[in-house]
Amino acid sequence: MRIGMALNYSGGFAETAAEAADLERAGLDIAFVPEAYSFDAVSQLGYLAAKTSTMELASGILQIYTRTPTLTAMTAAGLDFVSDGRFTLGLGASGPQVVEGFHGVKYDAPLARTREIIEICRKVWRREKVVHDGKKYQIPLPADQGTGLGKPLKLINHPVRSTIPIILAALGPKNVELAAEVADGWQPLFFHPEKAHLAWGDALAAGRAKRDPSLGDLDVYAGPALAICDESEVPFYLDLVRPHLALYIGGMGARGKNFYNELACRYGYEDEAARIQDLYLDGKKEEAAAAVPDELVRSVSLIGSAGYVAERVEAFREAGATTLTVVPMALDAPGRLRLVEQFREMC
């Protein structure tokens, strides 16, 4: 089982890079740099490439709406170059609050856009002349939409790799099916080993049935919170995770348009999800957090004694996870480092 971790994207680059180098020595396999509406992820990934040497570096995620497909491909090739072939392109649709609210770009057709972007990226990395006639992207731009002077071009540089791994962050059945069909990896959120099949089993099977064998097996990147502790401390750590679940299930989206709320429903928590959302949207955030069931919090996390956590690692493995992108529940960098070192021995 590989170990990953999302790095801090809101602090100083130097501090994050120093911690990343220590985590690399402790056995971290892959580090993700998120991109929300803070600093861009690309700057930090380039900085980290110079400060690390063995672990993979991944965008976690670049959303698909604000970069052209070819710029996304160029950026990935550039990051793969400066990291000596250690970059993984994490892509996702994000949500309309960020895409329309912060970027002022229409949020539409995430499935069609994602499929076309992946096709274009792989064409760029193979240094083919980029010609694409899709529903969302036409390259070169048709003459009646511009000057008519555009012509097919190919990437000037020779990429380190002609096949850079692509991970899709996806929750909805159609998005997950697409990930299983065309991506190298899939990044779900709140992965529940015992109930993942209820949420995604059919979608994964449908996508894998159409998957090109040359892609190999689909890597699954689960992201549990991690705390190795005495059983008496478990409630404390569960309460630290609970507000995060409440934020997503209750507040990350509008009523009737919340992907995470829908996921909780697919896990069988329909009544609880409705109550969490009602409380959260009414401004009762503490009550919403308290309404998150203990069973859900613990099942999507790795919180407990060393023996318990080791058992749960096996549960994640049996459910199909290949990488555990953990969130170490520690107050500082030394604490996170100790947790990763402990966890490395279990994986």
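Is E194 buried, partly exposed or exposed? E194 is partly exposed, because its relative accessible area is 40%, which falls between the 20% and 50% limits. This report covers a predicted model.

## Salt bridges across the chain

The salt-bridge count comes to 19. E194 takes part in one of them, with R312 as its partner. The N to O distance is 2.8 Å. The two residues sit in distant parts of the chain, 118 residues apart. E194 is in the loop between β9 (185-187) and α7 (196-209). R312 belongs to helix α13 (residues 306-318). R312 has a relative accessible area of 11%, so it is buried. The bridge between E194 and R312 therefore joins a partly exposed glutamate to a buried arginine.

D29 and R344 form another salt bridge. Their closest N and O atoms are 2.9 Å apart. This pair also links distant parts of the chain, with the two positions 315 residues apart. D29 lies in the loop between α1 (13-26) and β2 (30-33). R344 lies in helix α14 (residues 333-346). D29 is partly exposed, with a relative accessible area of 23%. R344 is partly exposed too, at 24%.

## A bridge by the second largest pocket

E128 pairs with R126 in a salt bridge. The closest N and O atoms are 2.6 Å apart. E128 has a relative accessible area of 32%, so it counts as partly exposed. R126 is likewise partly exposed, at 43% relative accessibility.

R126 also appears in the lining of the second largest pocket. Along with R122, V182, S214 and L215, R126 is one of the lining residues that lie nearest the pocket centre.

## The second largest pocket

How many residues line the second largest pocket? The lining has 17 residues, and the pocket has a volume of about 340 Å³. By class, 9 of the lining residues are charged, 5 are nonpolar and 3 are polar.

Helices α5 (110-125) and α6 (173-182) each supply at least two residues of this lining. The most come from α5, which gives 5 residues. Separately, R115, E177, E181 and K210 are linked in a network of salt bridges.

## The cavity

A search of the whole structure finds 1 cavity of 30 Å³ or more. The volume of the largest cavity is about 40 Å³. Its lining consists of F190, L245, I249, Y260, L263, A264, Y267 and L296. Two elements give two or more residues to this lining: α8 (234-251) and α9 (259-266).

Which element provides the largest share of the cavity lining? That is α9, with 3 residues. By class, the lining has 8 nonpolar residues, no polar residues and no charged residues. The second largest pocket, for its part, has 9 charged residues in its lining.

## Buried leucines

L226 is in strand β11 (residues 225-228). Its relative accessibility is 0%, so L226 is buried. The C-alpha atoms of L226 and I303 are 5.6 Å apart. Along the chain, these two residues are separated by 77 positions.

L171 is found in the loop between β8 (166-169) and α6. Why does L171 count as buried? Its relative accessible area is 10%, which is under the 20% limit for a buried residue. From L171 to T88, the C-alpha separation is 20 Å. L171 and T88 are 83 residues apart along the chain.

## A nonpolar surface patch

F81, V82 and V160 make a nonpolar surface patch of about 280 Å². V82 has its place in helix α3 (residues 69-82). With 42% relative accessibility, V82 counts as partly exposed. V82 therefore passes the accessibility test for patch membership, because its 42% is over the 30% cut-off.

Technical notes. Residues numbered from 1 in each chain as written. Predicted model: local features only at pLDDT ≥ 70, side-chain atom pairs only at ≥ 80, totals over all residues. Heavy atoms only, no water. 1 Å grid on protein atoms, 1.4 Å probe; cavity = no way out; pocket = protein on both sides within 12 Å on 5 of 7 lines; lining within 4 Å. Points joined across faces, edges and corners; volume = space filled by probe spheres on them. Helix = DSSP H or I, 4+ residues; strand = E, 2+ residues; numbered from the N terminus. Nonpolar A, V, L, I, M, F, W, Y, C, P; charged D, E, K, R; others polar. Patch = residues over 30% accessible without salt bridge, like charges linked within 9 Å, V, L, I, M, F, W, Y side chains within 5 Å. Areas by Shrake-Rupley, 256 points an atom, 1.4 Å probe, with all protein chains shown as cover. Salt bridge = Lys/Arg side-chain N within 4 Å of Asp/Glu carboxyl O. Buried < 20%, exposed > 50% of the residue type's maximum accessible area, 1.4 Å probe, protein only.
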